[in-house]
Each structure stands twice: as C-alpha cells, then as structure tokens.
Amino acid sequence: MKRKFGAAYQELVNRECQGLPLEDQLAIEHQFDPAIHSNQLVRESMAEQGIDPLDGQGARQKLMGMF
C-alpha cells in the first residue's frame with residue numbers, strides 16, 4: 001500500500017508542478033478494493049497448490065490424500 005500511495009503522491013506532485021488540474025485524479029481508496037485483492041490472493045494461492053477453484057470435490061480429495 002505504501003508503494004501505491006507513493007506512486008499516487010508523486011503523480012499528484014508532478015501534475016501540480018506542470019500546472020495540470022488535479023480534480024480528475026481518482027482517490028486511492030477508489031483504486032483499491034480489498035475484496036478483489038483478497039479474492040485474487042486466494043485464487044493465486046489455490047493455483048500454486050494445484051487446486052481448481054471450481055472443483056470442490058477434487059480439492060477435498062487432494063486434501064484427504066495429504067493425511
């Protein structure tokens with residue numbers, strides 16, 4: 001989040017220095033949706049583990065095979 005803020009702040013400073021209007025910039029909270037980010041992390045984690053998110057039975061069998 002610090003990187004996103006730093007990049008957004010730097011862009012804002014650059015626009016101000018160039019005399020460009022600042023009103024059309026989106027606020028950071030509108031660019032980051034925790035729900036989407038969380039779901040993306042879950043999908044990435046499942047992909048790394050070889051789990052198909054649409055196949056619950058297969059995921060269960062894979063888990064049971066670990067025991």
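**Group meeting: a four-helix chain**

I'll start with one residue, E11, which has a relative accessible area of 42% and so is partly exposed, since that class runs between 20% and 50%. E11 sits in helix 1. What we have on the screen is a predicted model, so every value I give is computed from it.

Now the overall layout. The chain has four helices and zero strands, and from start to end the order reads α-α-α-α. Of the 67 residues in the chain, 4% are buried. The accessible surface is about 6100 Å², and carbon and sulfur atoms hold 57% of that.

How confident is the predictor? Mean pLDDT for the chain is 79, with 84% of the residues at 70 or more. Broken down by element, helix 1 has the highest mean, 86, and helix 2, residues 28-31, has the lowest, 59. Please keep that in mind when you look at helix 2.

Let me go back to helix 1, which covers residues 2-17. How far apart should its ends be? With 16 residues at 1.5 Å a residue, helix 1 should span 22 Å. The end C-alpha atoms are 22 Å apart, so the expected span and the model agree. After helix 1 comes G19, with a positive phi near 75°.

Helix 1 also holds an aromatic pair. How many such pairs does a search of the whole structure find? One. It is stacked, because the ring planes of F5 and Y9 meet at 20°, under the 30 degrees cut-off, and the ring centres are 6.1 Å apart. F5 and Y9 are four residues apart in helix 1, so about one helical turn separates them. Is Y9 buried or exposed? Neither: its relative accessibility is 49%, which makes Y9 partly exposed.

One distance leads out from E11. E11 and L22 are eleven residues apart along the chain, and their C-alpha atoms are separated by 10.0 Å.

Next, helix 3, residues 34-48. The same check applies here: 15 residues at 1.5 Å a residue should give 21 Å, and the end C-alpha atoms are 21 Å apart, so this helix agrees too. Just after helix 3 is G50, which takes a positive phi of about 75°.

Last, helix 4, residues 56-65. A59 belongs to helix 4. With a relative accessible area of 24%, A59 counts as partly exposed, because the buried class ends at 20%. Between A59 and M46 there are 9.3 Å, C-alpha to C-alpha, and the two are 13 residues apart along the chain.

L63 is also in helix 4. Its relative accessible area is 45%, so L63 is partly exposed. Which residues join L63 in a nonpolar surface patch? They are M64, M66 and F67, and the patch comes to about 520 Å².

To recap: four helices and zero strands, one aromatic pair, and a nonpolar patch that includes L63. The element to treat with care is helix 2, where the mean pLDDT is 59. That's it from me.

Conventions: Residues numbered from 1 in each chain as written. Predicted model: local features only at pLDDT ≥ 70, side-chain atom pairs only at ≥ 80, totals over all residues. Heavy atoms only, no water. Helix = DSSP H or I, 4+ residues; strand = E, 2+ residues; numbered from the N terminus. Buried < 20%, exposed > 50% of the residue type's maximum accessible area, 1.4 Å probe, protein only. Areas by Shrake-Rupley, 256 points an atom, 1.4 Å probe, with all protein chains shown as cover. Patch = residues over 30% accessible without salt bridge, like charges linked within 9 Å, V, L, I, M, F, W, Y side chains within 5 Å. Salt bridge = Lys/Arg side-chain N within 4 Å of Asp/Glu carboxyl O. Phe/Tyr/Trp six-rings, centres within 6.5 Å; stacked < 30°, edge-to-face > 60°. Expected span 1.5 Å × (residues − 1). pLDDT = per-residue confidence, 0-100.
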